[in-house]
Amino acid sequence: MNTSTESLFSGLPGEEFAHAGLEDRAAGRESVAALLMEIAAPRLRTIGCGGPVGRELDAELRLYRLLVRMHGDDAYGQYNALLRRLVSFERALDHRLRQRTVATALMPTSLPANRP
């Protein structure tokens, strides 16, 4: 993961699964975090964060199946909690990107020349 992505995700809810998920995806590992980032990938790409390219179409089903193997009957609650956390992450990321866009738009492009 590059430094700009790290700083972009820093302090957001779900930051830990975002970092781990992108690293796992890059290494070809299918973890809970990697599948969450795969679910978020289309949205991440639309807001310019790149996001992993993979098999997003069935990522939610693959995540649920992984959670069933890990948590049995508790998988449904875990799945819903993880998706809520992912939505919080995406919303916070959208907000941060909007703030940066506004701040960039308000910055002067050049300083006025000193006149005698």
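Asp 58 is partly exposed, with a relative accessible area of 30%. In this predicted model, its side chain meets that of Arg 62 in a salt bridge, with 2.7 Å from N to O. Arg 62 has a relative accessibility of 9% and is therefore buried, since the cut-off for that class is under 20%.

Arg 62 also has a second acidic partner. Glu 30 forms a salt bridge with Arg 62, and the closest N and O atoms are 2.9 Å apart. Glu 30 lies in the loop between α2 and α3, whereas Arg 62 belongs to helix α4 (residues 59-71), so this pair ties together parts that are 32 residues apart in sequence. Glu 30 is partly exposed, at a relative accessible area of 41%. Side chains of opposite charge can pair when their charged atoms come close. Both contacts of Arg 62 belong to a wider arrangement: a network of salt bridges links Arg 25, Glu 30, Glu 38, Asp 58 and Arg 62.

The structure holds eight salt bridges. One of them joins the side chains of Arg 43 and Asp 94, at 2.2 Å from N to O. Arg 43 is in helix α3 and Asp 94 in helix α5 (residues 75-106), so the bridge ties together parts that lie 51 residues apart in sequence. The two ends fall into separate accessibility classes: Arg 43 is partly exposed at 32% relative accessibility, while Asp 94 is buried at 15%.

Another acidic residue to follow is Asp 24, which lies in helix α2 (residues 15-27). Asp 24 is buried, with a relative accessible area of 12%. What does Asp 24 touch, not counting residues up to four places away in sequence? The residues are Arg 29, Ser 31 and Ala 34. With Ser 31, the side chain of Asp 24 makes a polar contact of 2.5 Å. Ala 34 is ten residues from Asp 24 along the chain, and the C-alpha atoms of these two residues are separated by 5.6 Å.

The aromatic residues give another view of how the helices are joined. A search of the whole structure finds three aromatic pairs. One of these is formed by Phe 9 and Phe 89, whose rings are edge-to-face, with 5.1 Å centre to centre and 75 degrees between the planes. Phe 9 lies in helix α1 (residues 3-9) and Phe 89 in helix α5, so the pair ties together parts that are 80 residues apart in sequence. How accessible is Phe 9, buried or exposed? Phe 9 is buried, with a relative accessible area of 1%, and Phe 89 is buried as well, at 0%.

Tyr 64 and Tyr 79 also form an edge-to-face pair, with 5.5 Å centre to centre and 90 degrees between the planes. Tyr 64 is in helix α4 and Tyr 79 in helix α5, so this pair ties together parts that are 15 residues apart in sequence. Tyr 64 is partly exposed, with a relative accessible area of 29%, whereas Tyr 79 is buried at 12%. Returning to the phenylalanines, Phe 9 and Phe 89 belong with Phe 17 to one aromatic cluster.

Helix α5 thus recurs in these descriptions, because Asp 94, Phe 89 and Tyr 79 lie in it.

Methods: Residues numbered from 1 in each chain as written. Predicted model: local features only at pLDDT ≥ 70, side-chain atom pairs only at ≥ 80, totals over all residues. Heavy atoms only, no water. Helix = DSSP H or I, 4+ residues; strand = E, 2+ residues; numbered from the N terminus. Buried < 20%, exposed > 50% of the residue type's maximum accessible area, 1.4 Å probe, protein only. Contact = heavy atoms within 4.5 Å. Polar contact = N/O pair within 3.5 Å; in protein donor to acceptor, adjacent residues only side chain to side chain. Salt bridge = Lys/Arg side-chain N within 4 Å of Asp/Glu carboxyl O. Phe/Tyr/Trp six-rings, centres within 6.5 Å; stacked < 30°, edge-to-face > 60°.
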